[in-house]
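Subject: A structure for you to look at

Hi,

Here is the structure I promised to pass on to you. Please open it and keep it on screen while you read the rest of this email.

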Amino acid sequence: MDSLLIEGGRPLNGVVQISGAKNAVLPIMAATLLTRERCVIRNVPDLEDVRTMAQILRTMGAAVQQGEGTLAMQAASVSDKADYELVRKMRGSICVLGPLLGRLRRATVSIPGGCVIGMRPIDLHLKGMRALGAKVQMQSGYVRVRGAKLAGAPIFLGGRAGPTVLGTANVIMAAVLAEGQTTIENAACEPEVADLARFLNAMGAKVSGAGGPTVTVIGVKELHGAEHEIIPDRIEAATYAIAGVATRGVVTLAGARLDHLAAVVDKLREMGVKVESHAGGITFQRGRSLRPVDITTQPFPGFPTDMQAQMLALLTLVPGISIITERIFEARFTHAAELVRLGADVAIEGPSAIVKGGSPLSGAQVMASDLRASAALVIAGLVAKGITQVNRIYHLDRGYERMDDKLRSLGARVKREPGS
Ligand code: EPU
């Protein structure tokens with residue numbers, strides 16, 4: 001498996017182009033199953049997760065052509081089954097469930113199961129499908145959903161940790177072809193849900209309120225092909241902003257949206273980072289010294305769990321005590337122990353990481369077991385004295401487009417080392 005060799009200590013400077021959002025494109029690809037007609041998606045990031053989703057859709061009968069930044073997809077006919085072998089590769093693939101139920105009135109999808117960041121249940125997805133009139137059965141590791149007569153309904157989608165992003169996406173996608181009106185309360189407000197609704201509306205659906213807590217769907221008979229441009233990736237953007245601040249450089253994000261980054265920008269400003277939005281993008285520059293902060297992850301528009309690891313890496317560099325509390329995924333601190341190997345002082349107390357920042361970092365071999373944790377280790381490696389080797393970077397390739405190239409273009413010394 002490839003690894004990344006990073007020679008730390010060089011500031012990142014310059015402009016980085018932000019790619020299309022991974023977590024927007026995956027459900028939008030699944031949504032193309034809702035029509036027989038051809039759909040074209042633009043601003044598609046070149047990512048392993050996108051290739052996996054394309055493979056899943058192909059095995060279900062869809063034609064998928066990948067071009068430079070575009071995807072042309074057509075599901076003239078589609079099978080109702082998504083197998084374990086593909087679903088286990090990527091938990092995001094659960095979002096084929098809603099479109100299959102909507103189009104075929106039946107679906108059999110492997111239950112994704114937990115992963116390194118937590119349990120990742122799908123009970124809320126299924127609660128939504130049941131509310132629409134579907135029968136749900138769990139059998140031999142698969143969830144079978146049948147609903148000859150899907151009818152709109154009021155659905156409350158709140159769980160232990162609040163709303164669910166892909167659960168909201170799944171229920172919207174099942175409801176667009178149901179009969180009558182569905183009202184989802186406590187819907188996830190993430191911009192990726194709003195982007196999905198824009199695509200569905202371009203296909204002829206009637207979805208309103210997406211991006212807010214109440215989403216209304218009025219069912220239609222059928223959907224047609226559509227074209228769509230994916231929103232910029234707010235998590236990729238925030239990752240480069242933090243990498244720039246950590247290395248004492250000045251980084252400008254081109255193509256990012258400030259309104260999607262409010263919680264991260266607010267915390268960075270509280271720490272003493274200057275953030276300026278202008279015609280060329282959003283520029284981040286640290287002041288003379290940074291202050292520690294306390295952060296709790298929350299659903300959008302709160303501080304994103306997908307930025308918790310990268311922020312933790314930054315806070316290990318800031319003298320004083322910072323506390324990060326993780327409220328979305330129960331096991332999302334695997335990066336902490338690896339950061340300690342680089343010299344950071346981090347202790348985990350229940351759902352919180354207590355960071356005593358300011359100890360110098362020095363390069364070492366590290367390994368991360370999820371995407372955002374890997375990004376955190378890269379940020380720490382860019383600062384650490386000497387060489388840091390981040391192993392198993394296939395996690396990064398799943399969710400960051402050409403991260404090594406982008407970092408090099410900002411002045412980092414980064415080399416990809418092919419593994420066995
Ligand atoms: N939850 C339930 N029941 C459900 C569904 C979720 O209890 O049926 C809980 C989860 O266990 C978690 C919370 O609700 O505690 C939120 O999970 P959510 O369903 O919102 O997560 P997701 O939709 O599976 C997406 C992103 C994740 C991101 C989360 C939270 C995609 C493909 N994935 O996952 O992205 O962390 O929302 O914002 O959109 C990543 O990109 O690295 C990543 C993990």
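Below is what turned up in it, going part by part.

Before anything else, keep in mind that this is a predicted model.

**The sheet**

Let's start with an open sheet of 4 strands, with mixed pairing. Going across, the order is β2-β15-β17-β16. At the edges sit β2 (13–17) and β16 (273–278), each of which pairs on one side only. From one strand to the next, the twist averages 20 degrees.

Now zoom in on β16 and β17 (residues 281–286): the two run antiparallel and are joined by 6 bridges. If you'd like one pair to find on screen, try E276, whose bridge partner in β17 is T283.

Two helices pack on this sheet. Helix α8 (residues 234–246) touches β2, β15 (250–254), β16 and β17, and the direction of α8 makes about 170 degrees with that of β15. Helix α9 (residues 262–271) touches β16 and β17, with its direction at about 135 degrees to that of β16.

**A helix on the inside**

Next, have a look at helix α4 (residues 97–104). Why is it described as largely enclosed by the rest of the structure? Because 8 of its 8 residues are buried, where buried means under 20% relative accessible area. The buried residues are L97, G98, P99, L100, L101, G102, R103 and L104. And what covers them? The cover includes α1 (22–31), β7 (106–110), α5 (123–131), β9 (142–146) and α6 (165–175).

Right after α4 comes R105, which has a positive phi, near 70 degrees.

**A pocket**

G102 from that helix turns up again in the second largest pocket. This pocket has 19 lining residues, and those nearest its centre are G102, L177, V220, K221 and E222. The space in the pocket is about 380 Å³. As for the kinds of residue in the lining, 8 are charged, 7 nonpolar and 4 polar.

**Some backbone oddities**

A bit of background first: most residues other than glycine have a negative phi, and most peptide bonds are trans. With that in mind, here are some spots to check.

- N43 has a positive phi, near 60 degrees. You'll find N43 in the loop between β3 (38–42) and α2 (48–59). It counts as partly exposed because its relative accessibility is 30%.
- N186 isn't a glycine either, yet its phi is positive, about 65 degrees. This residue lies in the loop between β11 (181–185) and α7 (191–202). With a relative accessible area of 24%, N186 is partly exposed.
- The peptide bond from F300 to P301 is cis, and its omega is near 10 degrees. P301 belongs to the loop between β18 (294–296) and α10 (308–315).

**One last residue**

Finally, try V340, which is in helix α11 (residues 334–341). Is V340 buried, partly exposed or exposed? Its relative accessibility is 39%, so V340 counts as partly exposed. You can also try a distance on screen: V340 and V165 are 175 residues apart along the chain, and their C-alpha atoms are separated by 32 Å.

That's the tour. If you want somewhere to begin, go to α4, with its 8 of 8 residues buried, and then step from there to the pocket through G102.

Cheers

Note on methods. Residues numbered from 1 in each chain as written. Predicted model: local features only at pLDDT ≥ 70, side-chain atom pairs only at ≥ 80, totals over all residues. Heavy atoms only, no water. Buried < 20%, exposed > 50% of the residue type's maximum accessible area, 1.4 Å probe, protein only. 1 Å grid on protein atoms, 1.4 Å probe; cavity = no way out; pocket = protein on both sides within 12 Å on 5 of 7 lines; lining within 4 Å. Points joined across faces, edges and corners; volume = space filled by probe spheres on them. Nonpolar A, V, L, I, M, F, W, Y, C, P; charged D, E, K, R; others polar. Pairing = 2+ DSSP bridges. Axes fitted to C-alpha atoms, helices over the stretch in contact; angles between N-to-C directions. Contact = heavy atoms within 4.5 Å.
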